[in-house]
Amino acid sequence: MKVVHTIQELRDHLRGQNRASFVPTMGNLHEGHLALMKLARQHGDPVVASIFVNRLQFGPNEDFDRYPRTLRDDIANLENARDVYVLFAPDEREMYPEPQNYRVQPPDDLGDILEGEFRPGFFGGVSTVVLKLLSCAQPRVAVFGKKDYQQLMIVRNMCRQFQLPVEIVAHETVRAEDGLALSSRNRFLSQAERAEAPALYQALQSIRQRVAAGDHDLPSVERDAMQALAARGWQVDYLAVRRQRDLQIAQSAEVAAGEPLVALAAAKLGATRLIDNLEL
């Protein structure tokens, strides 16, 4: 595997390639990331991965400085997995040599709800860096995980509206044996918090069971799930059931007619904020 740190080096290694697949990450790689690389290899060759902790998507009181940076271990994991041909690991000066005054801003009806409501500016930062990384790597396929469900939808919509020649492929959320979605932030959980963390996925499963059993009063379903988590000590930002196609609120008639839904959640356990989702 080749490791490069500049855009020019990346483009030099990919010159003449037109079937590359790409997996953008912020590093601190775990089995979920490696699964994305493996899927990318099925869709294109060579496989390009990136590691860049993007300051633009962190709010002023969020964990940018605390976010784990483990480049040496990440390189070793990728070399052992043997799915990646080029790793692009730029620093901030390389990605943002001047103030990033031109930014991509998702529409309010998608970018300012759910995660966007609780993390203002987050999706603008994500969209901007993804567009920039796609410009650097110019892949035919890019792979994203479904754990970041809203982010996946925003990236797909951005690529479609800008007519970018890249197919966005989704990988199912990778989970630990107890159901907890794999995340780089899981390392911040204490032993007791880690034992409690699967309750977030269990709350989503309880929503799926109620809806499948015919309970179409979604506000009541959401409220009960949020109260159950809060009673266990969670600080819940949201636990919402939305239409899969646009993440808007589903009407009772739509639910009764079989509208595909997704339950999405974000909640803090101690100082660690976890997100998850489950298609219904």
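This briefing walks through the main packing, strand and backbone features of the structure above. The model is predicted, so please read every value below as computed from that model. Its largest nonpolar core holds 43 residues, and a search of the whole structure finds 0 disulfides. Strand 3 (47-51) makes a good landmark, with 5 of its 5 residues buried.

**The nonpolar cores**

- In soluble globular proteins, nonpolar side chains tend to be buried together.
- Here, the largest such core has 43 residues, and the members that touch the most others are L10, F88, V130, I168 and L247.
- Several elements give two or more residues to this core: helix 1 (7-14), strand 4 (86-88), helix 7 (122-137), strand 5 (141-145), helix 8 (149-161), strand 7 (235-243) and strand 8 (261-269).
- Which helix gives the most to this core? It is helix 7, with 9 residues.
- Another core lies apart from this one, with 26 residues that include A199, I207, V255 and L274.
- To see the packing from one residue, try F88: leaving out residues up to four places away in sequence, F88 touches V4, H5, T6, I7, L10, A49, S50, I51, M95, L133 and C136.
- Two of the residues that F88 touches, L10 and C136, come up elsewhere in this briefing: L10 is among the core members with the most contacts to other members, and C136 appears under the cysteines below.

**Strand 3 and its partners**

- In a regular strand the side chains alternate between the two faces of the sheet.
- Are the two faces of strand 3 covered or uncovered? Both are covered: V47, A49 and I51 are buried on one side, and V48 and S50 are buried on the other.
- On one pairing, strand 2 (residues 21-25) runs parallel to strand 3 over 5 bridges, and S21 stands opposite V47.
- To get from strand 2 to strand 3, the chain passes through helix 2 (residues 31-43), making a right-handed β-α-β crossover.
- Strand 3 also runs parallel to strand 4, joined by 3 bridges, and V48 stands opposite V86 of strand 4.
- The route from strand 3 to strand 4 goes through helix 3, and this β-α-β crossover is right-handed as well.

**Two buried glutamines**

- Q57 sits in the loop between strand 3 and helix 3 (71-81).
- Why does Q57 count as buried? Its relative accessible area is 10%, and the cut-off for buried is under 20%.
- The side chains of Q57 and N54 are joined by a polar contact of 3.0 Å.
- Beyond its neighbours within four places in sequence, Q57 is in contact with M26, E62, R119, F122, G125, V126 and V129.
- Q150 is part of helix 8, and it counts as buried at 4% relative accessibility.
- Setting aside neighbours within four places in sequence, Q150 is in contact with L110, I113, L114, E115, G116, F123 and L247.

**The cysteines**

- With 0 disulfides found in the whole structure, where is the nearest cysteine sulfur to C136? It belongs to C159 and is 14 Å away.
- A disulfide needs the two sulfur atoms within 2.5 Å, so a pair 14 Å apart does not qualify.
- The same pairing appears from the other side, since the cysteine sulfur nearest to C159 is that of C136.
- C136 is buried at 4% relative accessibility, and C159 is buried with a relative accessible area of 4%.

**Backbone features to look for**

- Most residues other than glycine have a negative phi, and most peptide bonds are trans.
- The peptide bond from D45 to P46 is cis, with omega near 5°, and P46 lies in the loop between helix 2 and strand 3.
- N28 has a positive phi, near 50°; this residue is in the loop between strand 2 and helix 2 and is buried, with a relative accessible area of 7%.
- L247 also has a positive phi, near 60°, and is found in the loop between strand 7 and helix 12 (252-256).
- L247 is buried with a relative accessible area of 0%, and L247 is one of the residues that touch the most other members of the largest core.

Terms used:
Residues numbered from 1 in each chain as written. Predicted model: local features only at pLDDT ≥ 70, side-chain atom pairs only at ≥ 80, totals over all residues. Heavy atoms only, no water. Core = buried A, V, L, I, M, F, W, Y, C linked by side-chain atoms within 4.5 Å. Buried < 20%, exposed > 50% of the residue type's maximum accessible area, 1.4 Å probe, protein only. Helix = DSSP H or I, 4+ residues; strand = E, 2+ residues; numbered from the N terminus. Contact = heavy atoms within 4.5 Å. Polar contact = N/O pair within 3.5 Å; in protein donor to acceptor, adjacent residues only side chain to side chain. Pairing = 2+ DSSP bridges. Right-handed = clockwise from strand over helix to strand, strands pointing away.
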